[in-house]
Structures are given as structure tokens and as C-alpha cells.
Amino acid sequence: MTAVLTGSQIEELILGALNDVNEEQPEDERIEVGPNTPLFGPDAQIDSLALVSVIVDVETALNVDYDLPISLTDDRAMTREISPFDDVQTLKDYIVELVAEQA
Amino acid sequence: MSGRYEGKVAVVTGASRGIGHLLVEYLLGEGAQVAGISRGEVTDAPEGYTHYAVDVTDARAVQMAFARMARGHGRVDIVINNAAVLTSQYAMIMPAANAQAMVDINLLGTFYVTREAAKLMRKAGKGRIINIGSMAASLEPIGDSLYAATKAGVSTMAAVFSKEFSTFNVTCNTIGVTAIPTDMLAQHDRAVIDAIIERLPVPRYAEPDDIFNVVDFFASDRSSYITAQTVFLGGVTA
């Protein structure tokens, strides 16, 4: 059975993954984590490997904890005009969209 | 049996036949919990074995199989990428479908399984990924152009995976297996294979224990500093 996830739960998942990645960084390289934290692009303060970790952690939680067969990095994500990976909000909005399709 | 894999969770692809089936029996005998992947269903699963009827070329199905494994077993310690197909045929008359299947199963299947395993292993902070390669990658026998290329590709993938996964203590290595009497081998001209075997530094067919020995080495907790390596059996060199 597919669980229903709210936007705020999804945001919590993303922020949790960001916090986990943050904790793996040296103290002086940690970033401020919040709903508007940039993830990708010129304003991003995390490196590409950290972004991969966030995406993988969120995707794994969706797959394992919520039984949602969602891939965050398929062609659709990569070809959108506004990248889902720009910041926490764009990622949340993208996942909300994908979760709604599974309902 | 030593119970070498007691408390470990191992995934084997191509689990229902040939080397994969031998590996499943070996790992179960050594105390592992084994998740086997193959396209077909398994009816009489032995204790400690969970079967996942999954086509390794289906990225989404592989993703969700690993999600089920994570829920069922909590983690994955060892993955053995064994699923492969071989059509040995002159390139000029190789059917396109057989060529495509070798690329899809041998290369893409290994890729899809490895990346899903790596996601779980990253969270655990450790893991062992072992690819079943082939002497064909080094010996380049006539008729095996694409098979040899896919098996060479598997070693190359392991080398790149090693770099990507080393930060979370996941190793990725390849066993270059020589011919071993299995159902895959039975489909081929034994005289041709005999001729290849006769020219090996150790001129005999591989035994299952030759493979298990290298699996044990790569899978060992002590092998955290061994990655991106291909070990050929029988004296075959890269």
C-alpha cells in the first residue's frame, strides 16, 4: 500500500537529509539549513557529492519508508525548465507532484 | 562450514542457475541471509533465502526490490553481480537481439543493481560489491566480441564505482572467472572451450571453490583497502 505524504512531511524529509549531510561536514563548512536553502547552482553552498547524498537519502526514504516507487533523477527531472534541485522548495514541490501521481 | 557469513545479508543476481545458484548455496551454508534475484519465481526457498523475481534490466523494479530488502533485512552487506548472458557467435552473424541482451543484462543490469545497493550501503557506512567477470575480457576469444566487451566493461565500472563509493567504505571488485561447468557452458562447443582451457597457465576448468575463495577475500571485513581490482582465476592475466 502506498502511504500518503504531505508537503510538510516531504520538506521534513529533505531537511533531515540535508542535516545528515551537514553533520558529515567539518564544523566550519556546515551550512544553514532551512526551507530556502539552495541546493544547486551558483548560490548553492553544498558540493555535488553532498547534493547526491541528499537526493539519494530522500529517494531511499520515499522507496523504503513510504513504498513509493519514485526516482528523483529520471529524464523528467533533468529536462525541466526549473530544476527540481535548485533549492529545498523546488525539490519539495517536485516530490509533491510525483507523490500525487502515485496516489 | 565456518559460519563465515553469519549475520550478513548478501544479494546474488542470476540466483536461480549456474554460478549464481552455487553462490547462493555457499553463502547460505556459511550462515548468510541471502536475497536472490532472477527473472523467474522460486518455489521451494530454503531457510535464510528470500527470492526477488526481478529483471535486472528494469531500473524501477530493481529500485523497489532493494527497497523491499531494506524493509525486510534492514541492510545489505554484500552484493554479487552475477546475472549475465552469453551468446558466442561470429560478429557478422550475431543476432541483434542477443547482442542487445548482453549489453542490457551484463552491463546495465550490473549498473542498476550496484547503484541501488550502494544507496543502502552508504547509509550503513560499509559494503562489498563483487562482480562476476570473465576470462573472456582478457583472452578476447573469437565469437565473444560483445560478451568480452561487456565483461571488460564490468571491471571498468567497478573501478569507477570504487572511486565514487570509497568515501563510505564500500568496495567494488571483479572476479575474472574461467570456464566452469554450468548450464551456460553447456550451451557452447566444449571442444572450443577445451582448447582455451588447455592454454591457461593452470589448464583446468574452474571449480566452485575457486570462485568462493575469491568471494571470501573480497567480502572479508579485512578487505576494506582492496577495491577496483580484478582477480582472474587460472593464471589469466589482464
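## Where the two chains meet

How many residues does the contact take from chain B and from chain A? In this predicted model, chain B contributes 8 residues to the contact, and chain A contributes 6 residues. On the side of chain B that touches chain A, the elements giving two or more residues are α2 (59-73) and α3 of chain B. Of the elements there, α2(B) gives the most, with 6 residues. Sorted by character, the residues on this side of chain B are 3 nonpolar, 1 polar and 4 charged.

## How confident the prediction is in chain A

Let's look at chain A for a moment. Its mean pLDDT is 91, and 97% of its residues reach 70 or more. Within chain A, helix α4 (residues 88-102) has the highest confidence, at 95, while helix α3 (residues 75-78) has the lowest, at a mean of 87. A general caution is useful when reading any model of this kind: where pLDDT is low, the predicted coordinates should not be read in detail.

## Two nonpolar cores

Now for the inside. In soluble globular proteins, nonpolar side chains tend to be buried together. The largest nonpolar core here has 70 residues. Those with the most contacts inside this core are A10(B), V11(B), V12(B), L27(B), I80(B) and A117(B). Helix α3 (residues 96-124) of chain B supplies the largest share of the core, 9 residues. Apart from this core lies another, of 23 residues, which includes I10(A), L13(A), L62(A) and L68(A).

V12(B) is a good residue to click on. Leaving aside residues up to four places away in sequence, V12(B) touches G20(B), L23(B), V24(B), L27(B), V34(B), G36(B), I80(B) and N82(B).

## I80(B) and F212(B): buried or partly exposed?

I80(B) sits in strand β4 of chain B. Why is I80(B) called buried? It has 28 other C-beta atoms within 10 Å, and a residue counts as buried because 20 or more lie within that distance. Beyond residues up to four places away in sequence, I80(B) touches A10(B), V11(B), V12(B), L23(B), I130(B), I132(B) and V215(B). I80(B) and G14(B) are 66 residues apart in sequence, and their C-alpha atoms are 9.3 Å apart in space.

F212(B), in helix α8 (residues 208-219) of chain B, makes a nice contrast. F212(B) has 18 other C-beta atoms within 10 Å, so it is partly exposed. Along the chain, F212(B) and G3(B) are 209 residues apart, and 14 Å separates their C-alpha atoms.

## Strand β5 and its neighbours

Strand β5 (residues 127-134) of chain B is mostly covered, with 8 of its 8 residues buried. In a regular strand the side chains alternate between the two faces of the sheet. In β5(B), G127(B), I129(B), N131(B) and G133(B) point one way, and R128(B), I130(B), I132(B) and S134(B) point the other way. The residues pointing either way are all buried.

Which strands pair with β5(B) in the parallel sense? One is strand β4 (residues 78-81) of chain B, over 4 bridges; here I78(B) has R128(B) as its bridge partner in β5(B). Another is strand β6 (residues 170-177) of chain B, over 8 bridges, where the bridge partner of I130(B) is N173(B). Finally, try tracing the path through β4(B), α3(B) and β5(B): together they make a right-handed β-α-β unit.

Notes: Residues are numbered from 1 along each chain as its sequence is written. Chains are lettered from A and ligands numbered from 1 in the order in which they are written. This is a predicted model: local features need pLDDT of at least 70, side-chain atom pairs count only at pLDDT 80 or more; totals for chains, interfaces and linings use all residues. A nonpolar core is a set of buried Ala, Val, Leu, Ile, Met, Phe, Trp, Tyr and Cys residues joined through C-beta atoms within 7 Å. A residue is buried if 20 or more other C-beta atoms lie within 10 Å of its own, exposed if 12 or fewer, and partly exposed in between; C-beta atoms are placed from the backbone. Two residues are in contact if their C-beta atoms, placed from the backbone, lie within 7 Å. Ala, Val, Leu, Ile, Met, Phe, Trp, Tyr, Cys and Pro count as nonpolar, Asp, Glu, Lys and Arg as charged, and the others, Gly among them, as polar. pLDDT is the predictor's confidence in each residue, from 0 to 100. Two strands pair if DSSP finds at least two bridges between them. A crossover is right-handed if, with the strands pointing away from the viewer, the path from the first strand over the helix to the second runs clockwise.
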